[in-house]
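Hello,

Here is the structure you were going to look at. Please open it first, then read my notes below.

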4 protein chains.
Amino acid sequence: MAAAARSGAGRPRDPSIDRRVLAEVRRRLASDGYESLSVAAVAASAGTTRAAIYRRWPDKADLATAAIAELPEAGPQPATDDPFEDLVAELTAFQRGVSRPDGVPMVGTMLLGSTDALLVERYRERVVRPRRERLRRILERGHAAGELDEGADLDVAVTLCTGSWYAAALAGVPPPPQWARRVAALVWRACGGEPPVEAQPT
Amino acid sequence: MAAAARSGAGRPRDPSIDRRVLAEVRRRLASDGYESLSVAAVAASAGTTRAAIYRRWPDKADLATAAIAELPEAGPQPATDDPFEDLVAELTAFQRGVSRPDGVPMVGTMLLGSTDALLVERYRERVVRPRRERLRRILERGHAAGELDEGADLDVAVTLCTGSWYAAALAGVPPPPQWARRVAALVWRACGGEPPVEAQPT
Amino acid sequence: MAAAARSGAGRPRDPSIDRRVLAEVRRRLASDGYESLSVAAVAASAGTTRAAIYRRWPDKADLATAAIAELPEAGPQPATDDPFEDLVAELTAFQRGVSRPDGVPMVGTMLLGSTDALLVERYRERVVRPRRERLRRILERGHAAGELDEGADLDVAVTLCTGSWYAAALAGVPPPPQWARRVAALVWRACGGEPPVEAQPT
Amino acid sequence: MAAAARSGAGRPRDPSIDRRVLAEVRRRLASDGYESLSVAAVAASAGTTRAAIYRRWPDKADLATAAIAELPEAGPQPATDDPFEDLVAELTAFQRGVSRPDGVPMVGTMLLGSTDALLVERYRERVVRPRRERLRRILERGHAAGELDEGADLDVAVTLCTGSWYAAALAGVPPPPQWARRVAALVWRACGGEPPVEAQPT
DNA sequence: TATTAATCGAGACGGTACGTCCGGTCTTCCA
DNA sequence: TGGAAGACCGGACGTACCGTCTCGATTAATA
């Protein structure tokens with residue numbers, strides 16, 4: 001990723017280039033995916049040159065990494081005293097984040113795996129892991145509040161939450177209306193709870 | 001994709017070329033992903049020429065499509081009279097298929113989406129859609145057998161089944177032991193059923 | 001060139017294919033030269049297939065050879081009793097032959113030499129050599145008739161005759177009016193003769 | 001052809017690449033002709049890449065054009081006060097030039113004509129036209145010196161000079177010994193002059 | 001204030017892949 | 001058998017991209 005500009009003498013780097021380039025990379029990763037990402041095209045659209053890009057990021061994979069790492073992940077939701085509503089809120093935030101142009105193709109790139117291990121690890125560390133931990137904590141709070149069963153299989157339950165969205169995306173079906181609440185309801189019941197207001201399938 | 005050989009005149013296509021090429025494509029898609037797939041390298045490894053490949057598949061995307069579409073999808077499981085066990089079996093087959101070297105990166109390529117709309121559509125049609133329908137039918141049979149609730153949200157429940165696997169893969173965590181049975185159990189309960197034998201989380 | 005159809009059994013070759021193909025080859029050699037001559041295009045335009053062409057002529061060079069060899073070369077002029085007029089007639093015939101669309105590029109192909117030694121040799125044997133011998137004999141008859149000098153350098157004089165045309169073609173200048181008679185006059189004088197009627201340069 | 005390097009910014013082109021490539025092109029044009037000229041092979045032999053070549057010359061025809069246009073034309077012979085000897089000298093220089101490996105096939109390519117009009121026009125302009133003018137001037141000086149006839153047909157006489165060589169090449173006969181002097185003698189007599197020393201045919 | 005060192009823009013360089021086309025050979029069906 | 005159809009190998013063409021490099025012209029911090 002972008003090395004911190006050397007402290008000493010010489011012309012300092014133009015920080016606006018970093019911004020414009022990363023924004024452009026995100027836009028293109030979103031619309032065309034990693035494969036079709038052309039450094040030359042990015043440079044042109046960002047109003048700079050390939051050299052300026054390669055000076056900051058050693059190669060294309062690192063450039064994409066940097067762009068992803070900067071994604072303004074929907075920060076930790078303020079926890080309320082209702083774990084079920086927290087789950088709905090978390091999933092709504094997730095859907096908002098992943099449904100935005102950048103979202104899906106990025107996930108695809110990540111699942112490509114071996115293309116660039118570092119790229120994937122960075123994404124997991126910055127985006128996936130924190131979300132999983134937030135989800136996990138919500139379910140544990142539901143358990144602590146006595147709403148969920150003792151022996152509920154939380155490890156797997158966590159994967160159901162966001163997994164539902166991936167499966168729908170892969171199938172090419174639009175996320176159904178009220179998706180977040182309906183998933184939360186299913187997961188809640190799967191763990192032995194009773195969702196307060198039953199979301200109605202359409 | 002490979003046009004069906006015209007019935008009449010002309011030298012017939014060498015069917016072994018189709019086989020060797022597609023096998024090679026699958027091997028390379030698995031190990032390096034779509035991006036690094038080189039038609040020339042495939043031709044060389046398959047002991048043929050680029051021309052013979054382009055005669056069959058108009059471009060690289062279509063070639064990959066064909067290779068994927070031929071994946072020996074774990075065929076429709078023979079339905080037993082126990083819907084829950086059918087669900088476990090279906091998920092086990094899914095896991096076997098998607099865990100094989102080819103599996104994950106292929107899914108990633110598909111989620112890249114707009115890289116090649118046709119590629120994705122072909123994959124959905126040949127692989128994803130049939131699986132979703134099989135899952136859906138299993139849940140409906142559970143419902144018909146009185147094991148699942150009337151108003152169960154089957155639309156979303158279907159997405160939970162395979163989605164769990166995608167979420168785990170994206171997080172980089174190995175699918176937990178007994179994954180298929182545990183997911184089935186959660187989904188069953190989410191739909192109001194009671195899994196016959198409670199799978200124990202580890 | 002086209003092998004004589006085998007005498008014996010089996011379906012006889014369609015002679016109209018020979019005609020149509022060679023005509024097409026001549027047309028294309030004329031308009032685009034040997035390089036751009038595509039066997040497939042010839043076959044299509046002649047309403048037949050590549051195989052039928054390759055059955056008759058072993059390769060492209062031979063095909064072109066055959067087309068050239070069939071050029072209705074202005075056959076041996078009926079010798080008159082006036083060698084000078086015979087020379088004019090021969091050169092006029094030569095100019096007619098070589099000035100027709102096919103002519104020039106063919107000469108170029110021949111001078112390419114090493115492209116296909118056989119092609120060149122065939123052309124020399126069928127077209128160039130006979131013409132040189134006819135020219136030589138005309139000059140010798142002029143010598144025998146006492147019109148040309150004893151020690152005239154006939155070897156080189158022969159090359160002047162047609163060479164004049166090549167030089168003009170290479171320079172891109174149209175062959176001057178009355179070209180045949182004017183060349184004949186110059187060659188005649190070069191060999192010590194006096195052309196009966198002086199052709200006037202324009 | 002190679003665009004003049006832009007004055008200003010950017011890494012300047014490596015001029016040695018121009019040199020090496022054009023030399024290689026000339027060598028190959030000479031030995032194999034235009035048709036067999038492979039850009040990839042040229043690049044390899046010249047120690048560079050196809051991209052570097054296509055950056056300079058838009059296509060193969062333009063590349064060949066450039067190579068020909070750079071041919072070190074046998075410069076204007078220093079005129080003596082003996083026009084006949086000047087003619088011999090000019091023809092000797094011509095023979096030396098055209099007999100060098102490059103010579104004949106190049107002429108063949110040029111006579112192909114319509115393959116690439118620009119290619120041919122460039123060659124005429126740089127090589128053929130200047131030579132024709134030098135020959136013409138020599139003959140005119142012979143005329144001015146009273147050695148040649150008033151009404152000599154110089155237009156055609158010029159074509160005899162080099163044409164003799166082309167005709168011999170086309171016939172596949174080696175240029176006879178003393179060729180230049182013998183042609184000069186014939187042309188001189190054709191124009192009414194008397195060559196100072198009669199060259200003896202062998 | 002003059003020097004100096006790093007950046008910026010521009011673009012060439014070696015590689016490599018793409019998709020198209022052609023030449024010459026072959027293999028099959030049909031007349 | 002010959003003709004039509006078309007697949008086969010090999011290889012060239014012209015385009016596009018990647019990551020590296022060399023230029024001249026800027027632009028700040030330092031001497």
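Helix α9(C) is largely enclosed by the rest of the structure, because twelve of its twelve residues are buried. Please keep in mind that this is a predicted model. The buried residues of α9(C) include W179(C), R181(C), R182(C), L186(C), W188(C) and R189(C). What covers them? Among the covering elements are α5 (83–99) and α8 of chain C, along with α8 and α9 (179–190) of chain D.

The helix itself runs over residues 179–190 of chain C, and the distance from its first C-alpha to its last is 16 Å, close to the 16 Å expected at 1.5 Å a residue. Just after α9(C) comes G192(C), which has a positive phi of about 90 degrees.

Next, the pairs of α8 helices. Two packed helices are described by the angle between their axes and the distance between the axes. For α8 (residues 154–171) of chain C and α8 (residues 154–171) of chain D, the angle is about 105 degrees and the axes are 5 Å apart. Angles of 65 to 115 degrees count as roughly perpendicular, so α8(C) and α8(D) are roughly perpendicular to each other. On the α8(C) side the contact includes V156(C), L160(C), G163(C) and Y166(C), and on the α8(D) side it includes V156(D), L160(D), W165(D) and Y166(D). Sorted by class, this contact has eleven nonpolar and eight polar residues, and no charged ones.

Chains A and B have a pair of their own: α8 (residues 154–171) of chain A packs on α8 (residues 154–171) of chain B at about 105 degrees, with the axes 5 Å apart. That angle makes α8(A) roughly perpendicular to α8(B). Among the residues in contact are T159(A), S164(A) and A167(A) from α8(A), and T159(B), S164(B) and A167(B) from α8(B). Here the classes are ten nonpolar, eight polar and no charged.

Last, the DNA. Which residues come nearest to strand E, of the 54 around it? They are G10(A), R11(B), K60(C), G10(D) and R11(D). The surface near strand E has 24 nonpolar, ten polar and 20 charged residues. At least two of its residues each come from α3 of chain A, α2 (39–45) and α3 of chain B, α2 (39–45) and α3 of chain C, and α3 of chain D.

Strand F also has 54 residues around it, of which G10(B), R11(B), G10(C), R11(C) and R11(D) come nearest. The surface near strand F divides into 24 nonpolar, ten polar and 20 charged residues.

Regards

Note on methods. Residues numbered from 1 in each chain as written. Chains lettered and ligands numbered in written order. Predicted model: local features only at pLDDT ≥ 70, side-chain atom pairs only at ≥ 80, totals over all residues. Near = placed C-beta within 6 Å. Nonpolar A, V, L, I, M, F, W, Y, C, P; charged D, E, K, R; others polar. Axes fitted to C-alpha atoms, helices over the stretch in contact; angles between N-to-C directions. Helix = DSSP H or I, 4+ residues; strand = E, 2+ residues; numbered from the N terminus. Parallel < 35°, antiparallel > 145°, perpendicular 65-115°, else oblique. Contact = placed C-beta atoms within 7 Å. Expected span 1.5 Å × (residues − 1). Buried ≥ 20, exposed ≤ 12 C-beta atoms within 10 Å, placed from the backbone.
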